[in-house]
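This report describes the fold of one protein chain and a few of its aromatic side chains. The sequence and the structure are shown first.

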Amino acid sequence: MKTDGQIVEAVKGGRRKGHYLMVDRYGQEVFAMIARMVSDMMDAEELTQDTFLRAFSHIDSYDPQRASLGTWLCRIAYRLTLDFMKRRRPLIIPIEDREVWQTDISDKQLEDELSTGSEERIERLELLVDDLPPDERLLLTLHYFENRKLDECAFIMDTTPHALANRLYRIRKKLYKQLQKI
């Protein structure tokens, strides 16, 4: 099995095998991340292809000291997908998002509400997560479901870990408020 470094060197050398190995190793991960942000699977497939084409043409900018190869590819995918979504439809912030800021909720209340184990509650929470804007849904997925550290999420989403910690808190607060309405 080739290491990421060997794959990168093969791609830099223009060898097709390097391209195939990179797509084989990371294609599903990149596609899955994009598919969480766009609803049309054909768009997700096209964006996945665009991600790898961009990666191949910019392989010299990859720095293994900053991120793993998979994380670097996810960052490219994230940026391409955001650009795609911006061209497709304008960003609309629902009115209920404004309500989130009007009520203080303790961390303990958030944890108690969002970590309840009842099956019905989990199903409702999953539906609410599915209705979140794509970038918020992706952040929750990367951090909570894929167990990525905030540093890695921040690299992918091109922001700081502190900013993401704040966003995670706001998203959790929004979910809490929506669960209270149900």
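Are phenylalanine 52 and phenylalanine 56 buried or exposed? In this predicted model, phenylalanine 52 is buried, and phenylalanine 56 is buried as well. Both belong to helix H3, which spans residues 41-57; because they are 4 residues apart in that helix, about one helical turn separates them.

The chain contains 2 aromatic pairs. In the pair formed by phenylalanine 52 and phenylalanine 56, the ring centres are 6.2 Å apart and the planes meet at 45°, so the pair is classed as tilted. That angle lies between the limits of 30 degrees for stacked rings and 60 degrees for edge-to-face rings, which is why the tilted class applies.

Another aromatic side chain, phenylalanine 155, has a charged partner: arginine 75 lies over the face of its ring, at 4.4 Å from the ring centre.

The setting for these side chains is a chain with 10 helices and 0 strands. Read from the N terminus, its elements run α-α-α-α-α-α-α-α-α-α. The overall values for the chain are collected below.

| Property of the chain | Value |
|---|---|
| Buried residues, out of 182 residues | 42% |
| Accessible surface | about 11,100 Å² |
| Part of the accessible surface belonging to carbon and sulfur atoms | 50% |

Contacts within the chain can also be viewed by separation along the sequence. Among contacts with a separation of 6 or more, 66% are between residues 24 or more positions apart.

Methods
Residues numbered from 1 in each chain as written. Predicted model: local features only at pLDDT ≥ 70, side-chain atom pairs only at ≥ 80, totals over all residues. Heavy atoms only, no water. Helix = DSSP H or I, 4+ residues; strand = E, 2+ residues; numbered from the N terminus. Buried < 20%, exposed > 50% of the residue type's maximum accessible area, 1.4 Å probe, protein only. Contact = heavy atoms within 4.5 Å. Areas by Shrake-Rupley, 256 points an atom, 1.4 Å probe, with all protein chains shown as cover. Phe/Tyr/Trp six-rings, centres within 6.5 Å; stacked < 30°, edge-to-face > 60°. Lys NZ or Arg CZ within 6 Å of the ring centre and 35° of its normal.
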